[in-house]
Amino acid sequence: MPRLASSSSSPRRFGGDRTNATSSRALAAPPPKPVASRDRHPELVHAASRGNDDEVRKLLALGVHPDAAKRDGEGALFAAASGGHAACARLLLRAGADPLAGRDGQGATALHVAARRGDVPFATVALDELARRDPAAPPAIMAAETHVGLTPLHVAAEEGHAELCALLAARGADLTRRDLAGRAPLESAVYWSRRDAVRELLRSGAKVTDEAFARADANGDANIEAALWRAVAEEARDARVDAESRVAELRAFADDRDALARELERERDARVVAQTAAMAAAAKVTEHAEAEAKAKAREVEAEERSRASDARWAKE
């Protein structure tokens, strides 16, 4: 199978030099602008960052808003994600925390942070709790982008967290979404030579692209290139199986259509035979009726002649 032409343009997001790319991968950034003073409750943020479930529960019971933030804008849910405290996240989300609030300067959400850490328990809790609240919420948080267009799945792919890639893909994360560098999650995993993530994304249904092949070539990663070719071969095999199945369905349909046509033809022939028989029967009935009418006419004529003859004999 010939390889398609591929582009090898340098990544816009990383300045064209892979060695200088690490700064763009980090989700940390300069402090965002301060939030409104009414939302500044650093005690909740500190409790969440330490994983102090009891303190978080107490503060929420006292009426502290679950989206409370420090002066630098870091929210409680973001702090819980940074420390990998899934239980605190559950408390905050059940109290109504907004998963899109409290982003950092790069626009990263708590789920981005969990993706960077490969924190499957935290991500599972967050997605489960959001689904309890609103079935449309998990797709929305998984579609959230940083300022450079990274979704949580992009981040998990870049960091090589295969298990988290599988979780996000299974929960409906978009495998085709492209960041500002034009890369889908699979292409990001290939770019950073994350072999396990590449395999998991392929198993989850990610489509192999020319860019993925080009990057695997550029990286000299034979293992990833082999995985990509296997995925292409499997896709081709699946397509062939689907085509063969469709052909079989069409043949069966054609056979059914021919059988129906034959049945209709037999019914038509039967109707013709029946109509012919009916016409013949009608003709016989008509013929018999005409014969009876003629016989009756002859009888009447004979009677009239007999009466006339009797009348003549009587006169004589």
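The following exchange looks at how helix 7 packs with helix 10 and with helix 5.

Tutor: This is a predicted model, in which local features need pLDDT of at least 70, side-chain atom pairs count only at pLDDT 80 or more, and totals for chains, interfaces and linings use all residues. Residues are numbered from 1 along each chain as its sequence is written, and side-chain values use heavy atoms, with hydrogens and water left out.

Student: Why is helix 7 called roughly parallel to helix 10?

Tutor: Helix 7 (residues 120-133) and helix 10 (residues 162-170) pack at an angle of about 15 degrees, their axes lying 10 Å apart. Angles under 35 degrees count as roughly parallel, so helix 7 is described as roughly parallel to helix 10.

Student: What makes the contact of helix 7 with helix 10, and how do its residues divide into nonpolar, polar and charged?

Tutor: Val120, Ala123, Thr124 and Leu127 in helix 7 meet Glu163, Leu164, Leu167 and Leu168 in helix 10, where contact means heavy atoms within 4.5 Å. These residues divide into 6 nonpolar, 1 polar and 1 charged; Ala, Val, Leu, Ile, Met, Phe, Trp, Tyr, Cys and Pro count as nonpolar, Asp, Glu, Lys and Arg as charged, and the others, Gly among them, as polar.

Student: How do you know that helix 5 and helix 7 are roughly parallel to each other?

Tutor: Helix 5 (residues 86-94) packs with helix 7 at an angle of about 15 degrees, with the axes 9 Å apart, and the two helices are therefore roughly parallel to each other. Their contact involves residues including Ala86 and Leu93 of helix 5 and Phe122 and Leu130 of helix 7, and its residues divide into 8 nonpolar, no polar and 5 charged.

Technical notes. Axes are lines fitted to C-alpha atoms, for helices over the stretch in contact, and angles run from 0 to 180 degrees between N-to-C directions. Helices (H or I, at least four residues) and strands (E, at least two) are DSSP runs, numbered from the N terminus. Angles under 35 degrees count as roughly parallel, over 145 as roughly antiparallel, 65 to 115 as roughly perpendicular and the rest as oblique.
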